[in-house]
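Me: I am new to this structure and would like a close look at a single part of it, with its surroundings explained step by step. Please take me through it slowly.

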Amino acid sequence: MAVGCAPPLRGSSRGLGGVFFRQQKWKSSVSTKAKMPPCNFVPEKYKSHSYERMREIREQNISPSLRTFYKKPLLLHQGHMQWLFDYEGRRYLDLFAGIVTVGVGHCHPKVTMATQKQLAHLWHISSIYMHPSIQEYAEKLTSLFPDPLKVVYLTNSGSEANDLAMFMARLYTRNFDIISFRGAYHGGSPYTLGLTSVGLYKHGVANGFGCLSTMLPDVFRGPWGGSHCRDSPVQTVRKCTCSEGVCHAKDQYIEQFKDTLNTSVPKTIAGFIAEPIQGVNGAVQYPKGFLKEAYQLVRERQGVCISDEVQTGFGRTGSHFWGFQTHGVVPDIVTLAKGIEIASSLAQNLHVNTFGGNPLACTVGAAVLDAIEEDGLQKNSEDVGTYMLLELAKLRDKFKIVGDVRGKGLMIGVEMVTDKDHRHPLPTEEVSQILEDCKDMGVLIGRGGLYSQTFRFKPPMCITKKDVDFAVEVFDTALQRHMERAAAKQT
């Protein structure tokens, strides 16, 4: 191991004792031999407040709605590519990438250099003036989209982008109702909360007037699904008798979509929004061909089709740069680019964004696009992501609590269940303990799902197969420890 890269907390039992089943004296017989891959980056020495003081400030001055992972939250200090370092110098393999936003890696040298250079030239002037960065970035970005997606409006967040997409769909069509899937996450603003259908994010205030949810075509947890439905190297354990080119599950879910159109909305609608693969809900994939038919049905009702690429875009799915391309469709609106006719409807009156498209952000965006191409990160997502999916599928076959492994590229979900036959979600506290064990062994994983039952493996796209071997071995060990705890509880 290279100098300056602290080892993981191998075999640490911190946070285990006394948490489950009166386990103060319980000690796992499972130890990990997983060896963290080397790293030649030396983090700087942490110089800020003590951990205890940081916890005090967090509790006193930071909104409690901003929750942290883990019983003892991590205090992270520095990042380098796929690695994160805490205040004591411990190194962690990051498999969640800032909630699927750090595509090219933490503090990528090319992006960092471009940022530093722009900081010395121009920070912010607003969109009322021209500056080189916004034109350069817009040209690069729109070149990656098929026609007619050639006009861009830059915002500050995914929620804001989806908020604007809703507004434009209604403005362009002169209709109001917008349909989304159950289990979807499209933002937390008062406007987009109507499209978000995950109970954890809902508040007891009026929101989402004109937003309708429809059945999620989930081939693992839904009423229909089989062994050939998904565009993924790993299919569900559910069996089906569909012949080649036929998908009974897809047909049934389309009938449910038609039912929503026929009973819950007017004859004309504003639009339909969907993630190509659901993110917050745990990398849920739809049956092949579903989105293509759904788009056609929406357009028959004069609605526009919106693809939310906040998590699936920029090469993460591997086979394509944008998630919608994996479904063989071209949407009318993507959360970063719009068809020119729809964009023109917004210009009928003034609409500005103070910080959207600022020089610094555009410079970073252009550098990220360059890094994706120069580092071959889309291809890496396909190769390493497929490898990770297949390795995780072995754990599904090994453990009864691993119900489903799914995804495409480096957009992966592992759904935890009490048993595969009934598919009941594994209790939240048990999922949390597995997450803790992985952290103590040096691996940071995300979680999601309607019941917080799904692990989300969505790392920076620079991750390697050796990193995957380490992560899967750690995850295997954590699952074995869970099974031991469950057995101890029954004795």
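What follows looks at one sheet and the residues and helices around it, and then at other parts of the chain.

Me: Which strands form the open sheet in which the pairing is antiparallel, and in what order? Please start there, and look closely at Glu-415 in strand S12.

Reply: Please keep in mind that this is a predicted model. The sheet you ask about is an open one made of 4 strands, which follow one another in the order S11-S12-S15-S14 with antiparallel pairing. Strand S11 (402-408) and strand S14 (446-448) are its edge strands, each pairing on one side only, and neighbouring strands of this sheet are turned against each other by 25° on average, direction ignored. Between S11 and S12 the antiparallel pairing runs over 6 bridges, and Lys-408 has Met-411 in S12 as its bridge partner.

Two helices accompany this sheet. Helix H10 (residues 377-398) lies across S11, S12 and strand S15 (454-457), and runs at about 170° to S11. Helix H11 (residues 428-440) packs on the sheet as well, where H11 touches S12, S14 and S15, and the direction of H11 makes about 165° with that of S14.

Within this setting, Glu-415 is found in strand S12, which spans residues 411-416. Glu-415 counts as buried because its relative accessibility is 1%, a value that can be set against the cut-off for buried, which is under 20%. The side chain of Glu-415 makes a polar contact, at 2.9 Å, with the side chain of Arg-406. Leaving aside residues up to four places away in sequence, Glu-415 touches Phe-220, Arg-221, Ile-401, Val-402, Gly-403, Asp-404, Arg-406, Gln-453 and Thr-454.

A second residue worth following is Met-416, which, again not counting residues up to four places away in sequence, touches Ile-401, Val-402, His-424, Pro-425, Leu-426, Val-431, Ile-434, Gln-453, Phe-455 and Leu-479. Met-416 also belongs to the largest nonpolar core, which has 94 residues, and there Phe-272, Leu-392, Met-416, Ile-434, Phe-455, Phe-457 and Phe-475 touch the most other members. The helix that gives the most to this core is H12 (residues 465-490), with 8 residues. There is also a second, separate core of 14 residues, and among its members are Ile-178, Leu-195, Ala-270 and Val-304.

For a comparison, one can turn to another open sheet, in which 4 strands stand in the order S1-S2-S3-S13 and the pairing is mixed. Its edge strands are strand S1 (76-80) and S13, each of which pairs on one side only. Strand S2 (residues 83-86) pairs with S3 in the antiparallel sense over 3 bridges, and Phe-85 stands opposite Arg-91 in S3. S2 and S3 form a hairpin with 4 residues between them, and Gly-89 in the turn has a positive phi of about 90°. By contrast, S3 pairs with strand S13 (residues 443-444) in the parallel sense, over 2 bridges, and Leu-444 in S13 is the bridge partner of Asp-94. In a regular strand the side chains alternate between the two faces of the sheet. In strand S3 (residues 91-94), Arg-91 and Leu-93 point one way while Tyr-92 and Asp-94 point the other way, and all are buried.

Finally, a pair of helices can be read by their faces. In helix H3 (residues 109-119) the buried residues are Val-111, Ala-114, Thr-115 and Gln-118, and they lie on the same side of H3 because they cover an arc of only 100° around the axis. The other side of H3 has Met-113, Gln-116 and Lys-117 as exposed residues. Helix H4 (132-142) and helix H9 (359-374) are included in what covers the buried residues of H3. In H4, the buried residues are Ser-133, Tyr-137, Ala-138, Leu-141 and Thr-142; seen down the axis of H4, they fall within an arc of 135°, so they line one face of the helix. The face of H4 turned away from that buried side carries the exposed residues Pro-132 and Glu-139, whereas the buried residues of H4 pack against H3, strand S4 (149-152) and H9.

Note on methods:
Residues numbered from 1 in each chain as written. Predicted model: local features only at pLDDT ≥ 70, side-chain atom pairs only at ≥ 80, totals over all residues. Heavy atoms only, no water. Buried < 20%, exposed > 50% of the residue type's maximum accessible area, 1.4 Å probe, protein only. Polar contact = N/O pair within 3.5 Å; in protein donor to acceptor, adjacent residues only side chain to side chain. Contact = heavy atoms within 4.5 Å. Arc of directions from axis to C-beta. Core = buried A, V, L, I, M, F, W, Y, C linked by side-chain atoms within 4.5 Å. Pairing = 2+ DSSP bridges. Axes fitted to C-alpha atoms, helices over the stretch in contact; angles between N-to-C directions.
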